[in-house]
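Subject: Structure handover

Hello,

Here is the structure I promised, with my notes below it. Please read the notes with the model open.

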Amino acid sequence: MTQYKSSLLRLLDERGYIHQMTDAAALDTLAAGSVVPGYVGFDATAPSLHVGSLVQIMLLHRLQQAGHKPVVLMGGGTTRIGDPTGRDESRKMLSDETIEENIASIRRIFDRLLTFGDGPTDAVMVNNHDWLGQLGYIQLLQEVGTHFTVNRMLTFDSVKLRLEREQPMTFLEFNYMILQGYDFRHLSKDMGVRLQMGGSDQWGNIVNGIELGRRMDGTELFGVTTPLLATASGAKMGKTAAGAVWLNEDMLPNYDFWQYWRNCDDADVGRFMRLFTDIPLEEIAELEALEGAAINDAKVRLANEVTALVRGEEAARTAEATARETFAGGGLGADLPTLDIPAEGMSVVSALTALGFTKSNGEAKRKVAEGAVKLDEAAVTDPAMQITLATGSNAKLSLGKKKHGILRA
């Protein structure tokens with residue numbers, strides 16, 4: 001492990017955030033001697049970010065922990081274009097109202113993980129539509145376009161992969177990297193931002209911004225990227241068979257969020273604790289060394305810590321209590337997803353799909369046939385079974401060992 005003199009790079013290095021850096025020695029010197037404003041950009045394509053974005057959010061959390069200034073850049077402007085990186089098709093256009101609503105909803109996560117204010121190390125949130133929306137096309141071509149070559153842009157993975165697959169890339173999307181580079185230059189000039197951070201797939205875009213700042217203003221800017229994050233099984237972070245693991249509680253119940261971390265692979269426990277919690281490194285070393293059934297205690301600790309950071313202490317307590325009651329006591333935890341059953345009843349396959357346990361009634365029928373479905377701990381063998389409940393009563397519907405829901409009348 002490299003020996004850094006700045007607390008920022010030591011912290012990022014020790015916890016496993018660093019994949020690539022531009023001029024590490026110069027950034028280390030800068031961070032050791034002054035407050036460094038650094039930013040990460042997030043587009044507002046949905047009302048919530050998902051777990052795949054959490055490592056980038058935690059970068060800003062670490063930046064503030066190390067005594068520096070986090071700048072959250074919301075892509076109110078770039079969301080209208082769409083980042084082609086890692087995408088096979090164009091992004092769906094959103095209305096201005098939807099984008100603003102999404103930004104307001106996403107803000108809640110940052111309020112929990114960062115301290116906002118007017119102080120030198122307090123976080124700020126900015127919206128790139130405030131400056132991109134004011135740029136005239138001729139002005140953009142004259143001031144910025146002369147610093148980019150099509151030859152270079154065609155070598156970027158986000159462009160090259162789309163072309164190799166013979167999938168269309170609009171001229172609108174082709175401009176995304178120019179606007180992202182301009183964001184870095186603007187934040188540098190207007191707010192003194194010296195550092196951009198992001199995932200490894202953003203390396204080319206970050207370097208573009210660094211070069212643009214140097215050419216237009218003569219400013220030395222820096223970039224840090226994180227490793228491509230996947231689970232030990234090779235799955236992409238933030239995705240499950242049931243869909244995205246959203247950070248906002250109105251997009252995914254607290255219990256399901258907690259369970260995502262509780263059910264992680266044994267091999268991921270230590271790495272996830274370093275990246276996504278504030279547990280001291282010495283304690284993490286002890287927890288990840290646990291074996292057999294004891295590793296489950298470490299997973300519960302991981303789930304509690306991440307849920308408390310992202311959703312709040314009460315959400316973590318309730319989710320753990322629900323899990324304990326559901327699995328140990330066979331009861332009905334208060335934090336389980338619920339479904340109201342109409343007076344005339346509902347088929348078991350419809351209930352499974354309505355709870356989100358299956359994507360379709362066809363999948364639900366297959367799960368019943370496999371013997372994976374239970375109603376109040378009794379196996380369901382008939383896919384045509386109708387569930388009827390007396391008024392005021394409830395029942396527990398389970399799919400496998402990890403998915404449980406409350407049916408109520």
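Two rings of Phe, Tyr or Trp count as a pair if their centres lie within 6.5 Å; planes over 60 degrees apart make the pair edge-to-face. The model is predicted, so please read everything below in that light.

**Aromatic pairs**

The search covered the whole structure and returned 7 aromatic pairs. Take Phe257 and Trp261. Their ring centres are 6.2 Å apart and their planes stand at 65°, so this pair is edge-to-face. Both residues belong to helix α12 (residues 254-262). They are 4 residues apart there, so about one helical turn separates them. Phe257 and Trp261 are both buried.

Trp261 also pairs with Phe272. That pair is edge-to-face too, at 5.7 Å centre to centre and 85° between the planes. Here the partners sit in two helices: Trp261 in α12, Phe272 in α13 (residues 269-276). The pair therefore ties together parts that are 11 residues apart in sequence. Trp261 and Phe272 are both buried.

Which residues do the ring pairs link into a cluster? They are Phe257, Tyr260, Trp261, Phe272 and Phe276.

**Charges over rings**

Phe257 has a further partner. Arg311 lies over the face of its ring, 4.5 Å from the ring centre. Elsewhere, the charged end of Arg107 sits over the ring of Phe116, at 4.0 Å from the centre.

**The sheet**

Now the strands. There is an open sheet of 6 strands with mixed pairing. Its order is β1-β6-β5-β2-β3-β4. Which strands form the edges? They are β1 (20-21) and β4 (124-127), and each pairs on one side only.

Inside the sheet, β5 (residues 195-199) and β6 (residues 222-226) run parallel and share 5 bridges. To find this pairing, start from Met197: its bridge partner in β6 is Val224.

**Helices on the sheet**

Two helices to look at here. Helix α4 (residues 96-113) lies across β2 (37-42), β3 (69-74) and β4. It runs at about 160° to β4. Helix α10 (residues 176-191) also packs on the sheet. This helix touches β2, β3, β4, β5 and β6. Its direction makes about 150° with that of β2.

If you want a place to begin, try Trp261: it pairs with Phe257 and with Phe272.

Best wishes

Terms used. Residues numbered from 1 in each chain as written. Predicted model: local features only at pLDDT ≥ 70, side-chain atom pairs only at ≥ 80, totals over all residues. Heavy atoms only, no water. Phe/Tyr/Trp six-rings, centres within 6.5 Å; stacked < 30°, edge-to-face > 60°. Buried < 20%, exposed > 50% of the residue type's maximum accessible area, 1.4 Å probe, protein only. Lys NZ or Arg CZ within 6 Å of the ring centre and 35° of its normal. Pairing = 2+ DSSP bridges. Contact = heavy atoms within 4.5 Å. Axes fitted to C-alpha atoms, helices over the stretch in contact; angles between N-to-C directions.
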